Amino acid sequence: MRRILDLESCESFGIKRFHLLNMIKRVISNPVLCMLTVACINNNVNAASDQIIQDCDDCPSLVIIPAGEIDIRVPPGVIGRAHNAGWYTRVSFARAYAIGVFEVTNEQWHACIIAGGCDQLDYDTTLNQQYPATKISWQQARKYNQWLSKKTGYNYRLPSNTEWEYAARAGRGMNRYFNVLPQDICDLGNVYDQTAERILAYNLDTLPCDDGKVSLAPVGEFEPNAFGLYDTIGNAFEWTEDCASPGNFDASGLPTNGDPWFVGDCSLRGYRGSSWLTNESTYLIESDRFRDLTSSEEDLGFRVVRDIP
Ligand SMILES: [Ca+2]
Ligand SMILES: [Ca+2]
């Protein structure tokens, strides 16, 4: 354990102390994070870079999602159908890709503002720096990725719906909370829980657990998934690349290679996951998983994907 607390070598690799401390809190129970931390304490950049990528000081830290397969449930016919009805379609990812460990934070967004690449948001991004950046339109998220791509020379972009699902699910189940038992969801993310209702009194149903967070929370405060991603459950919803596709009755339109689905209404773009306002009773139907690309919501942010050349 003494070596695990040697944070400076990790910081020299560009992993922030805040995030390291969160990792270390959970390292014992998570083999993926254990690998990451051991790589850090050995200051072995080559070994660590196999697991975590950070292309600049202000860039999001990334984990590599290996090639593989996932079953996606595609609702039949129209986008208004329920998400939990439809056909399973096998999607195969032939190549690995890198995705943000965390939702993009205010600190990272502010670096983009300072550099002239991003819009000022309607709140002060110098505050709450480790909170996810929200109230961001799909178009603004794209500008951030364009700025990051130009800055680093790598292709940064939003995930497709299927890339997001594959990375977020990390081997768990298919439903909104990845088949986690309702009483256990608060271990994995910041949702509309008993604390939120007690303080906010929105008179909404709550999940049957207490995550201790009234509203939006700093990234990385809950358990990561098996790929090492944080907050894939709760905190902020996350934009994706896909257009709102009506689908076919046999679901044959869904790209089976992990690409975004660009058929349909591309003024509506996908978002996935759940948020601090999410409770069980408002499980998303498919039409609710897309939003006007100009909209900005207090519980909608994003997570970047970076292609691996
Ligand atoms: Ca909460
Ligand atoms: Ca999230």
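Me: Which strands does α7 lie across, and at what angle does α7 run to β10?

Reply: First, a caution: this is a predicted model. To read helix packing, find the helix, then look for the strands under contact. Here α7 lies across β9 and β10 (265-272). The angle between α7 and β10 is about 0°.

Me: What is the strand order in the open sheet that holds β9 and β10?

Reply: Read a sheet from one side to the other, not along the sequence. This one has 4 strands in the order β11-β10-β9-β12. The pairing is mixed.

Me: Which strands stand at the edges?

Reply: Count partners. β11 (290-292) and β12 (300-301) each have a single partner strand, so each has one side without a neighbour in the sheet.

Me: In which sense do β9 and β12 pair, parallel or antiparallel?

Reply: Follow the directions of the two strands. β9 and β12 pair in the parallel sense, over 2 bridges. For a residue to look at, take Phe 237, which stands opposite Leu 300 in β12.

Me: How many helices and strands does the whole chain have?

Reply: Take stock of the elements. The protein chain has 8 helices and 13 strands. Then ask about burial: 42% of the 309 residues are buried. Next, look at contacts with a separation of 6 or more. Of these, 69% join residues 24 or more positions apart.

Me: How many residues are in the largest nonpolar core, and which have the most contacts inside it?

Reply: Look for buried nonpolar residues that link up. The largest such core has 54 residues, and Val 63 and Ile 99 have the most contacts inside it. Several elements each supply at least two residues of this core, among them β2 (62-65), β5 (97-100), α7 and β9 (237-244). A second, separate core has 5 residues, including Val 74 and Trp 261.

Me: Which residues is Ile 99 in contact with, beyond its neighbours within four places in sequence?

Reply: Pick one residue and list its partners. For Ile 99, they include Leu 62, Val 63, Ala 167, Leu 229 and Val 305.

Me: What is the sign of phi at Ala 170 and at Asp 231?

Reply: Check the backbone angles, residue by residue. Ala 170 is not a glycine, yet its phi is positive, about 50°. Asp 231 also has a positive phi, near 60°.

Me: Where are they, and is each buried or partly exposed?

Reply: Locate the loop, then count neighbours. Ala 170 lies between α7 (161-169) and β7 (189-190). It is partly exposed, because it has 17 C-beta neighbours inside 10 Å. Asp 231 sits in the loop between α8 (194-200) and β8 (233-234). Asp 231 is buried, because 32 other C-beta atoms lie within 10 Å.

Technical notes
Residues numbered from 1 in each chain as written. Chains lettered and ligands numbered in written order. Predicted model: local features only at pLDDT ≥ 70, side-chain atom pairs only at ≥ 80, totals over all residues. Buried ≥ 20, exposed ≤ 12 C-beta atoms within 10 Å, placed from the backbone. Contact = placed C-beta atoms within 7 Å. Core = buried A, V, L, I, M, F, W, Y, C linked by C-beta atoms within 7 Å. Pairing = 2+ DSSP bridges. Axes fitted to C-alpha atoms, helices over the stretch in contact; angles between N-to-C directions.
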